[in-house]
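Let's take a friendly walk through this protein, from its overall make-up to a few individual residues. Please keep the structure open beside the text as you read.

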Amino acid sequence: MKYKEKYPILEINLKKIYENTNYIVDLCGNLGINIAGVVKGVNAPLEVGEIMLEGGCRYIASSRLEQLINLQKKGLKSENMLIRMPMIGEIEEIVKYVDISLNSELETINKIEEECKNQNKKHKIILMMDLGDLREGILDEEEFINTALYIENNFQYVKLYGIGTNLSCYGSIKPTYGNLNKLCNAAIKIENKIDRELDIISGGATTTLPLVLDNNIPKKINNLRIGEGILVGRDLADYWGYDIKQIHKDTIVLKAEVIELKNKPSYPIGEMFIDAFGNKPVYEDRGIRKRAILAIGKQDFVFPDSLIPLEEGIEIVGSSSDHLIIDIENAAKKIEIGDIVNFGMFYPNVLFLTASDSVNKEYVF
Ligand SMILES: *Cc1c(COP(=O)(O)O)cnc(C)c1O
């Protein structure tokens, strides 16, 4: 067996990611909204960056500077966007490698201007407004507008490219017509003062898509930064009750190998204390059950409970760092040692599995 065929394998279907991208780009395009494809959720492989661009994304975005630099060094041709506020130590490379960055601190922007001067390079900034989610951005409207005007009037190399906001991250605040309209009102006030239109009014991430579907998003919003909705597509359907039929939810499949197959009691035997992670789980006694151990564990996917067995009748029992136990008592398919069991998953699993060196990534089209 070649090393490449070794399990566990994370199979990433580029055709499905392409179709998801294409669908969202068209859906939003109809309302004059372009898309920044966010690649951080899959740890930014070149293959996914390329397919997002083919699918029509206008920008490629990540919160991790090193991912953007890596993509650019590998030859990805697109304007890129850094969607986490810069660390001071990153500024030199940001000016060198990044076209657009999200910002909320004038002190940092001042340093970007200085570095731009050193490198004789321009840099575009999206100033972030906090609409109540309480992660990044300026909360007070007057301070926000004044900061935007300061950038416009005092910097030579840094350009006020636009404004944006981020929701449903820390404070779990829902994007609505009302809160996004505050961003748009600020945009209008800034545009009136600077006597030009801002290039970007960025209205959030995947969780803003329901407003697009309902055609209830303020008209001035012209950009969204989408990761999960393209890469996994499960959050809107499972958490928001917006099941977009056209979005593939099986873009990424985990394939793990059976290394033990035995009938065992479902209730541990002996004096119960703590598990491998210091927790005291509750065990249900279901009698003797047929179960399998797979060669993969929490170190790879962190959250076993959000893995989704793709074969009928398989249940997840539990996991330690390197083992995943499944109940196969009612499995529709006969399972043997060396067999491969497939799982779908949610975004957090994708985030960790794509980062695991023990998991081979295979791209299919
Ligand atoms: C991660 C992130 C996004 C993308 O979020 P999804 O839910 O994956 O669409 C957009 N904007 C910012 C600032 C982010 O950090």
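Helices (H or I, at least four residues) and strands (E, at least two) are DSSP runs, numbered from the N terminus. With that in hand, Met 129 can be placed in strand 6. The model is a predicted one, in which local features need pLDDT of at least 70 and side-chain atom pairs count only at pLDDT 80 or more, while totals for chains, interfaces and linings use all residues. Residues are numbered from 1 along each chain as its sequence is written, and side-chain values use heavy atoms, with hydrogens and water left out.

**Overall picture**

The protein has 12 helices and 16 strands. Along the principal axes, its C-alpha atoms fill a box of roughly 75 × 40 × 40 Å. Of the 365 residues, 49% are buried; buried means under 20% relative accessible area, exposed means over 50%, and partly exposed is in between (1.4 Å probe, protein chains only).

An unreviewed UniProt entry lists residues 12-229 as "domain: Alanine racemase N-terminal". UniProt positions follow the numbering used here, feature names are shortened, and annotations may be inferred rather than shown by experiment. This span is 43% helix and 19% strand, and its end C-alpha atoms lie 15 Å apart.

**Residues and their exposure**

Here are four residues side by side, each with its place in the chain.

| Residue | Place | Relative accessible area |
|---|---|---|
| Met 129 | strand 6 | 4% |
| Asp 140 | loop between strand 6 and helix 6 | 43% |
| Tyr 170 | loop between strand 7 and helix 7 | 60% |
| Pro 309 | strand 12 | 21% |

Is Met 129 buried or exposed? Met 129 counts as buried because its relative accessible area is 4%. Its C-alpha atom is 9.2 Å from that of Ala 186, and the two residues are 57 apart along the chain. Pro 309, in strand 12 (residues 307-309), counts as partly exposed. Between the C-alpha atoms of Pro 309 and Asp 195 there are 56 Å in space, with their positions 114 residues apart in sequence.

**Surface patches**

Patches are made of residues with over 30% relative accessible area and no salt bridge, joining like charges within 9 Å and nonpolar side chains (Val, Leu, Ile, Met, Phe, Trp, Tyr) within 5 Å. A salt bridge here is a side-chain nitrogen of Lys or Arg within 4 Å of a carboxyl oxygen of Asp or Glu. Accessible areas come from the Shrake-Rupley method with a 1.4 Å probe, and for residues only the protein chains shown count as cover.

Glu 105, Glu 107, Asp 140, Glu 142 and Glu 143 form a negative patch. Asp and Glu count as negative, Lys and Arg as positive, and His and the chain ends are not counted; the place of a charge is NZ of Lys, CZ of Arg, CG of Asp or CD of Glu. A nonpolar patch of about 360 Å² is made by Leu 134, Leu 139 and Tyr 170.

**Backbone details**

Most residues other than glycine have a negative phi, and most peptide bonds are trans. Ser 168, in the loop between strand 7 and helix 7, has a positive phi near 45°. Asn 215 also has a positive phi, near 50°, and sits in the loop between helix 8 (209-213) and strand 9 (223-226). Asn 215 counts as exposed because its relative accessibility is 56%. Where is Pro 8? Pro 8 is in the segment before strand 1 (9-13), and a cis peptide bond with omega of about -5° joins Tyr 7 to Pro 8.
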